[in-house]
Amino acid sequence: MSCDFLLRANPGVRSLQPYEPGKPESELARELGVQRIIKLASNENPSGPSQSVLHTIQDQASRIHRYPDGNGFELKAALAEIYGLDQAQITLGNGSNDILQLLANAFLGPGDEVIFSQHSFAVYPIVTQAAGATAKVIPAKNYEADLGAHLAAITDHTKMIFLANPNNPTGTWIWARELKEFISAVPQHVLVVIDEAYAEYILDDKMASALSWLSEFPNLIVTRTFSKAYGLAGLRVGYGVCHIQVADLLNRVRQPFNVNSLAQAAALTALEDQEYLIDSVQLNNQGMALIEGKLKQLDLNWIPSKANFLCIEVNQPGRELYQKLLRQGVIVRPIEVYELPNHIRVSIGTQEENELFLVALEKALVAN
Ligand SMILES: *Cc1c(COP(=O)(O)O)cnc(C)c1O
């Protein structure tokens, strides 16, 4: 007897395309038969983990036969202290992706509308569609989120808005004044999720974290991660901060032990290691300046970015340039799935990685 499982899946899931992650280094190394691969495809911190985090993980390794603290008490306490929050506002996640998923599980279903911008993070459409809700994608304006059009798209059915600041894959950002005006203008029945995965890279005082506005807007949710500037992508830990009633709902749908013990301990140590963070931001700024300088020489356009990556217009299909870079052992990200078919996204690496990328890029541009 045959059974078509596709027909039995939830309607939203049937037409989903799985998220395509950056190509793993080990896979390309096998294919090319080379050792040295430069991976600039997933916006990871290129410095590697901090020494203090490595020590913490070694210390904690002997305890992994125990379940983690399901409430993440110590990590939440540290976050609450640093950001002046009530612990009950914080939800820890297996990466901040987990928080986005929990939000969808708790709030979204058939008939609900979810608003987000064109070129915004791929997880928003995935969690929306998987929950059976309807995505309303707002055309971008010069690659940026068009906030006025977001407001105009709100209806009685709108449940949630996802907005990344800065956004991935474009690197575009929203100034504090504009963002606060926007949040103020959203009716309170709509949850506004501000995704601040790259917040730690921002030093500009015309920018602000939406964390500071939580007490004014009960419908505001801010997500953060340890995967980017803190250098813990492989451990999977992030968090969401929101009204305690919303947090209570997220807690109901969360897996009891969604953040593992090594991740919790490492995140706590990472929070205390300000030096690592400062060095990482500095390395990023220097790398960004180096790459931008070379792009100018090569007469290539890019989208100005406040994150740890650049979106470069390559004047040919981005997928083809990506292949040409792969053959030289450099992994970047083609982004046609983000409706940017002639761009690539490249994460800022170490100085050496950036230099090798630029050499490979110059070669790839003249290759056919
Ligand atoms: C990388 C990223 C995330 C989260 O990643 P996690 O590793 O799941 O924390 C969330 N949003 C955006 C915009 C990102 O680029």
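**Exercise 1. Asn168 and its surroundings**

Is Asn168 buried or exposed, and what is its relative accessible area?

*Solution.* Asn168 has a relative accessible area of 5%, so it is buried. Here buried means under 20% relative accessible area, exposed means over 50%, and partly exposed is in between, with a 1.4 Å probe and protein chains only. Before going on, note that this is a predicted model, where local features need pLDDT of at least 70 and side-chain atom pairs count only at pLDDT 80 or more, while totals for chains, interfaces and linings use all residues. Residues are numbered from 1 along each chain as its sequence is written, and side-chain values use heavy atoms, with hydrogens and water left out.

Next, place the residue: Asn168 sits in the loop between E5 and H9. Helices (H or I, at least four residues) and strands (E, at least two) are DSSP runs, numbered from the N terminus.

Then list its contacts, meaning heavy atoms within 4.5 Å. Leaving aside residues up to four places away in sequence, Asn168 touches Asn43, His119, Ser120, Phe121, Tyr198, Phe309, Tyr338 and Arg345.

Last, pick out the polar contacts, which are pairs of N or O atoms within 3.5 Å; within protein, one must be able to donate a hydrogen and the other to accept it, and residues adjacent in sequence count only if both atoms are side-chain atoms. The Asn168 side chain makes one with the side chain of Arg345 at 2.7 Å and one with that of Tyr198 at 3.5 Å.

**Exercise 2. The ligand**

Which residues are around the ligand?

*Solution.* Start with residues that have a heavy atom within 4 Å of the ligand. Among them are Gly95, Ser96, Asn97, Phe121, Asn168, Asp195, Tyr198 and Arg236.

Now look at polar side-chain atoms. An N or O atom in the side chain of Asn97 is 2.8 Å from a ligand oxygen, and for Asn168 the distance to a ligand oxygen is 2.8 Å. For Arg236, a polar side-chain atom is 2.7 Å from an oxygen of the ligand. On its own the ligand has 380 Å² of accessible area, of which the protein covers 94%.

**Exercise 3. The sheet**

In what order do the seven strands of the open sheet stand?

*Solution.* Reading across, the order is E2-E8-E7-E6-E5-E3-E4, with mixed pairing; two strands pair if DSSP finds at least two bridges between them. E2 (90-93) and E4 (134-138) have a single partner strand each, so one side of each lacks a neighbour in the sheet. On average, neighbouring strands are turned by 20° against each other, direction ignored. Axes are lines fitted to C-alpha atoms, for helices over the stretch in contact, and angles run from 0 to 180 degrees between N-to-C directions.

Take one pair: E3 (residues 113-117) and E4 run parallel over five bridges, and Ser117 is opposite Ile138 in E4.

Finally, add the helices. H5 (residues 73-83) packs on the sheet against E2, E7 (220-225) and E8 (238-242), its direction making about 130° with that of E2. H9 (residues 176-185) lies across E5 (158-164), E6 (191-195) and E7, at about 160° to E6.

**Exercise 4. Helix H5**

Which residues of H5 are buried?

*Solution.* They are Leu75, Lys76, Ala78, Leu79 and Ala80. The buried residues of H5 pack against E2, E8 and helix H11 (261-272). Just after the helix, Gly84 has a positive phi of about 65°.

Notes: Areas by Shrake-Rupley, 256 points an atom, 1.4 Å probe, with all protein chains shown as cover.
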